[in-house]
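Colleague: Could you give me a close look at the charged pairs in this model, and then at the empty space around them? Take your time, and spell out your cut-offs as you go.

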Amino acid sequence: MKLNLFLLSNLLCTLVLAQAQDPIPGPVITGYGAVWDIPQATYKTDTSASFKAVFDVMNSPEDKTQVNPWIETAARFLNMHARAGVDPGQLQVALVVHNKASTDLLENPYYRELYGTDNPNSPLIKALMESGAQVVFCGQSSVARKVPVEQTISGVQLSLSAMTALIQFQDQGYRLIKF
């Protein structure tokens, strides 16, 4: 009985301490993608490896004043690996954006016209591209959802389709991340 109470007490203390830790921002993308350091990890991160990830971004929050968490996942990927000791030069990121997330690529005037507010994703997308990330917009979604690439954030690339871009990135050694 005493052992069970001791174990339960330790478990509760561990949970409280884990919840008390705040996520840490940066160092690659500041202001977005805060993560937790995991010093007790037993499956070690290979800090000598190159990490190439392509994020399939098709959803968007209902609240158009909120940052798209599926886009922010790319910032978390960069920040957590850099914080774990992987050189940012060993990290390659691409986002393939389509479906409901299409309007998240719009420049502020066009986004404001649709939703009455500036695009909350714009600073994040620009920071990702400044860090070397590629942002590729599905041409099929562009036409179907009436989001011309000319109205998107500068630097966004247009592909034939999301399917095409996802296949090509995977053929180049990128690993698909879909949440």
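Modeller: Burial first: buried is under 20% relative accessible area, exposed is over 50%, and partly exposed is in between (1.4 Å probe, protein chains only). By that scale Asp118 is partly exposed, at 38% relative accessibility. Keep in mind that this is a predicted model, where local features need pLDDT of at least 70 and side-chain atom pairs pLDDT 80 or more, while totals for chains, interfaces and linings use all residues. Residues are numbered from 1 along each chain as its sequence is written, and side-chain values use heavy atoms, with hydrogens and water left out.

Now the pairs. There are four salt bridges in the structure (a side-chain nitrogen of Lys or Arg within 4 Å of a carboxyl oxygen of Asp or Glu). One of them joins Asp118 to Arg112, at 2.6 Å from N to O. Arg112 is partly exposed too, with 41% of relative accessible area.

Another bridge links Arg83 and Asp37, whose closest N and O atoms are 2.9 Å apart. Arg83 sits in helix 2 and Asp37 in the loop between helix 1 (2-20) and strand 1, so this pair ties together parts 46 residues apart in sequence. (Helices, H or I of at least four residues, and strands, E of at least two, are DSSP runs numbered from the N terminus.) Both ends see some solvent-accessible area: Arg83 is partly exposed at 32%, and Asp37 is partly exposed at 27%.

Then there's Lys64 with Asp104, whose side chains meet at 3.7 Å, N to O. Lys64 is in the loop between strand 1 and helix 2, and Asp104 is in the loop between strand 2 (91-97) and helix 3 (108-115), so parts 40 residues apart in sequence are tied together here. This pair is buried at both ends: Lys64 has 15% relative accessibility, and Asp104 has just 1%.

On to the empty space. The search runs on a 1 Å grid over the protein atoms alone: a cavity is a set of points where a 1.4 Å probe fits but cannot get out, a pocket is an open set with protein on both sides within 12 Å along at least five of seven lines, and lining residues have an atom within 4 Å of a point. Volumes are the space filled by probe spheres on the points, which are joined across faces, edges and corners.

The largest pocket holds about 460 Å³. Of its 16 lining residues, Ile38, Ala41, Thr45, Met80 and Ala84 are the closest to its centre. Helix 2, the home of Arg83, gives the most to that lining, with three residues. The lining divides into nine nonpolar, three polar and four charged residues (Ala, Val, Leu, Ile, Met, Phe, Trp, Tyr, Cys and Pro are nonpolar; Asp, Glu, Lys and Arg are charged; the others, Gly among them, are polar).

There is one cavity of 30 Å³ or more, and the largest cavity has about 40 Å³ of space. Phe55, Asp56, Val57, Trp70, Thr73, Ile177, Lys178 and Phe179 line it. Strand 1 (51-57) and helix 2 (69-83) are the elements that each give two or more of those residues, and the largest share, three residues, comes from strand 1. That makes five nonpolar, one polar and two charged residues around the largest cavity. So helix 2 keeps turning up: it carries Arg83 of the bridge to Asp37, it gives the most to the lining of the largest pocket, and it helps line the largest cavity.
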